[in-house]
Amino acid sequence: MTTVMDLSNALAGAVERVSGWMFAVHGRPRLPSTGVQWRTGLVVTANHTVEHDREVTLTGHDGRSFAASVAGRDPSLDIAVLRAVVDGVSAADVADDGDVRVGHLVMALGAGPRASAGIVSALDVGRGRHAAGDLIAVDLTLYPGFSGGPLVDVRGRVIGITTSGASRHLQCAIRATAVTRLVEHVIRGGRIPRAYLGVGTQPVELPHPLRERLGRAQQTAIIVVHVKSDSPAAGGSRGRASARSGRRSGHDDHSARRRAAGPSGDRR
Amino acid sequence: MSALLAAEESIPHLARIADQLRQVTVEIRSPGGSGVGAGILWAPDLVVTNAHVARGSCVGVGLADERWIEAHLVVADRRMDLALFRIPRCGVAPAALGDSDTLRVGALVVALGHPLGLRRTLTAGVVHALGPARPGGRRFIHADVRLAPGNSGGPLADTAGQVVGMNTMIAGGLALAIPINDVGRFVASATASTT
């Protein structure tokens, strides 16, 4: 009998808990977005909501305003890290997103606080320009102004950052581990490095006869369609060879990107 | 919301409060009107609904037991979008009322109404925000609950089955409900001025 009421109270409690770590981010005209204090003095938000050459201010849940500056950006994950002195605001309780399962009840929150509830609909979503495994697809409504806000579990722990800029087709959140990785890059080096090879690629399916001739089990490969001059790919003879042959039997597009990112998953 | 449909299967409590709410959710049919709106059985002889739902001084009220009775307007406030109607005592227990001032963002809520004519349909979600829809406007309960035409005038209730709001409009995909304490003040002043 009380289970549903307990769940309702838990959800409301989670909103109250998380709203203490949230800010309204004024980094674009009109509609403010949402940010989360990930580490003391570092606030994470959606990159597309913080315009270049614009003064950024944060408004806390108690109405206080703080000046902020952009400490790092990762446009491909649509995450910006802001630096701000926000006394009296604690850093978010970030959960291990490895525990997240498809079907879990989650909430997306926006500054205010505002809430939207739904379930995790898919894990390890990675399409287009995004690194595989950095996105969680969610079945909930991301309302205007939610971008950069936290995706939270029923205990009120942050498991990701929601942004409409992550995918054109899905409601998505950037996994907390990916966000933490970017924030730690900012702490260490003051910038978010990205891998850069300098090739344009096209994924293709390997026909069966070709797989047999090459003695490979893999279903797909990538064609190098373009090599940018003065890029790392243009520097080595292997890069030129694969460009000349026009076909390279490698792994699929995602794993190529992951290999470029290095064995630890860091992008260098 | 699919998560809550799953919750309803495993936890019979939600189904039970839905049954209670169906008893106090009435249909409102205005003379000459083609659509059906919703209303809340406030007292054994009083029904409250949105003013935009019940046009005219005499409307038809459909009860959950399929009875249709005639309702006469006590008072309507177009600005508040509220209307109070008197009905013959119907013998059905009226709605249990909650306190909309203690509602919290994130709390689970359910809405009952007749969306697109589907009678006494339950939809569920959470409280999205509390406050005005635009700066300086009146206070609403904003709920992340799917509504459609036919929900207007119907109850928004908490997980105890207590009515906390009256679903009034849809804005930006959100349900906007008049807090039930505001509805209570309207009914109190309406009944005080007419007795």
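This briefing describes how two protein chains meet, and how charged residues and cysteines are placed within them. The structure is a predicted model, and every value below was computed from it. Chain A and chain B together bury about 1,900 Å² where they meet, and 64% of that area lies on carbon and sulfur atoms. A search of the whole structure finds 16 salt bridges over all chains, while the count of disulfides over all chains comes to zero.

**The interface between chain A and chain B**

- The contact draws on residues from both partners, with 25 coming from chain A and 22 coming from chain B.
- Between the two chains there are six residue pairs in polar contact, both residues of each pair being at pLDDT 80 or more.
- On the side of chain A that touches chain B, at least two residues are supplied by each of helix H1 (2–19), strand E7 (105–110) and strand E8 (114–125) of chain A.
- Helix H1 of chain A gives the largest share of that side, namely 11 residues.
- Sorted by character, the residues on the side of chain A that touches chain B comprise 15 nonpolar, seven polar and three charged ones.

**The salt bridge that crosses the interface**

- The rule finds one salt bridge across the interface of chain A and chain B, and its partners are A:Glu16 and B:Arg104, whose closest N and O atoms are 2.8 Å apart.
- This pair joins two chains, because B:Arg104 lies in the loop between strand E6 (82–86) and strand E7 (108–113) of chain B, whereas A:Glu16 lies in helix H1 of chain A.
- B:Arg104 has a relative accessibility of 28% and therefore counts as partly exposed, since that class lies between the cut-offs of 20% and 50%.
- A:Glu16, at 43% relative accessibility, is likewise classed as partly exposed.

**Salt bridges within a chain**

- In chain A, A:Asp93 and A:Arg17 form a salt bridge in which the closest N and O atoms are 2.9 Å apart.
- That pair links distant parts of the chain, with A:Asp93 in the loop between strand E6 (79–84) and E7 of chain A, and A:Arg17 in helix H1 of chain A, 76 residues apart.
- Both partners are partly exposed, A:Asp93 having a relative accessible area of 28% and A:Arg17 a relative accessibility of 37%.
- Another salt bridge of chain A brings together the side chains of A:Arg64 and A:Asp62, at 3.0 Å from N to O.
- Here too the partners are partly exposed, with A:Arg64 at 31% relative accessibility and A:Asp62 at a relative accessible area of 46%.
- In chain B, a network of salt bridges links four residues, which are B:Glu27, B:Glu66, B:Arg119 and B:Arg120.

**Cysteines without disulfides**

- By the rule used here, zero disulfides are found over all chains.
- B:Cys58 is in no disulfide, because the nearest cysteine sulfur, that of B:Cys90, is 16 Å away, whereas a disulfide needs two cysteine sulfur atoms within 2.5 Å.
- B:Cys58 is partly exposed, with a relative accessibility of 26%.
- A:Cys172 has a relative accessible area of 0%, so this residue counts as buried, a class that covers values under 20%.

Methods. Residues numbered from 1 in each chain as written. Chains lettered and ligands numbered in written order. Predicted model: local features only at pLDDT ≥ 70, side-chain atom pairs only at ≥ 80, totals over all residues. Heavy atoms only, no water. Contact = heavy atoms within 4.5 Å. Buried area = accessible area lost by both parts, 1.4 Å probe. Polar contact = N/O pair within 3.5 Å; in protein donor to acceptor, adjacent residues only side chain to side chain. Helix = DSSP H or I, 4+ residues; strand = E, 2+ residues; numbered from the N terminus. Nonpolar A, V, L, I, M, F, W, Y, C, P; charged D, E, K, R; others polar. Buried < 20%, exposed > 50% of the residue type's maximum accessible area, 1.4 Å probe, protein only.
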